[in-house]
Amino acid sequence: MAFHIPHIALGDKLWLLHAAAFVYYITVSVIFLTTDLYITIPHIYADYDFTGILLRYLLTVYIFFNMVANHVLCTITDTTYRNREDPDPVPRAWGHCMTCQVHTPPRTWHCSICHNCVLRRDHHCFFTASCVGHHNQRYFIVLSFHVAVGSLYTGLLNAGYLHHYYVPFSGTGVFSYLFPVAFYKLVAGQTTGFLVFMLVMTYVAFGMSIMTGTLFGWHMLNAYNGQTSWESHNEIRTYDQGPAKNLYEIFGSFWVLSFLIPRQTALPGDGIDWRRPKPLKSL
Ligand SMILES: [Zn+2]
Ligand SMILES: [Zn+2]
């Protein structure tokens, strides 16, 4: 497996967007991790025994570890069709990239941000500063899964904390969770800036969970159907070989394990040769 550092150079097109996305992601992740470990878990579970608290610490660190590992793997895994020479003869199903001046395999598309042709290109991701394609899509999918779960967990912890230390989430107290009411309470000296900050981060956490959860669902659906996002939009089912083979092609063997621990198993295909035996109807 080849690695590369993405060529998103300073001054290059959209570099500021990459930087902003990355800084946002890192900042929010560190705030989530810090408030989980130092604020919400110790306070909410203060009455629990050592094992009960330790398990919640471990769950938080475990999710964060999976996020970081899959993020790094998604960024550094080379999924481009770079430095290649045209095969002789060029297969009939292949296309041609005018920018790279090279013939390209089916499902390969040029990314004008990466300045490269990308194997089974799905989309460009600003948060990981990389194109999501044949060799790294599995890391992207697992990353979105863990961000969704981690954000949901943080949101629930924050909500539990606010219920105890801000205003009980019941009756008219529910209105205190609306931003205008919360800011009024802050200005009136009825609450602290820290609690309003925790309220804001609770909204951020639930918002991120919904967005990344939707992203995860969309990509898993396409993976299940053997389609890229573009193929899904255009209802192209040329490469659908049935759910089991489709998932094997993206995740490698024992695909469920990828969601439990970061793993770099070999993939069955190289992202170049898409000649297929007769598609399997069902598996
Ligand atoms: Zn190209
Ligand atoms: Zn790209």
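## Buried serine and zinc site

In this predicted model, S176 counts as buried because its relative accessibility is 8%, which falls under the 20% cut-off. The residue sits in the loop that runs between α3 (137–165) and α4 (179–187). Leaving aside residues up to four places away in sequence, S176 touches Y166, V167, V181, A182, K185 and L199.

The zinc ion (ligand 2) takes its protein donors from C111 (SG), C114 (SG), H124 (ND1) and C131 (SG), which lie 2.1 to 2.3 Å from the ion. The four donor atoms subtend angles of 100 to 117° around the zinc ion (ligand 2), so the arrangement is tetrahedral; for four tetrahedral donors the ideal angle at a metal is 109.5 degrees. Along the sequence, the donor residues of this ion follow the spacing C-x2-C-x9-H-x6-C. Because C114 lies in the loop between β3 (109–111) and β4 (116–118) whereas C131 lies in strand β6 (residues 130–132), the pair ties together parts that are 17 residues apart in sequence.

The table gives the relative accessibility of residues discussed above.

| Residue | Relative accessibility | Class |
|---|---|---|
| S176 | 8% | buried |
| C114 | 14% | buried |
| C131 | 4% | buried |

On the annotation side, UniProt, in an unreviewed entry, places the feature "domain: Palmitoyltransferase DHHC" at residues 96–234. In the model, the span of residues 96–234 is 55% helix and 12% strand, and its end C-alpha atoms lie 21 Å apart.

Methods. Residues numbered from 1 in each chain as written. Chains lettered and ligands numbered in written order. Predicted model: local features only at pLDDT ≥ 70, side-chain atom pairs only at ≥ 80, totals over all residues. Heavy atoms only, no water. Helix = DSSP H or I, 4+ residues; strand = E, 2+ residues; numbered from the N terminus. Buried < 20%, exposed > 50% of the residue type's maximum accessible area, 1.4 Å probe, protein only. Contact = heavy atoms within 4.5 Å. Donors = N, O, S within 2.8 Å, 3.2 Å for Na, K, Ca; no water. Tetrahedral: all angles 85-135°; square planar, octahedral: opposite > 155°, others 65-115°. UniProt positions renumbered as here; feature names shortened; annotations may be inferred.
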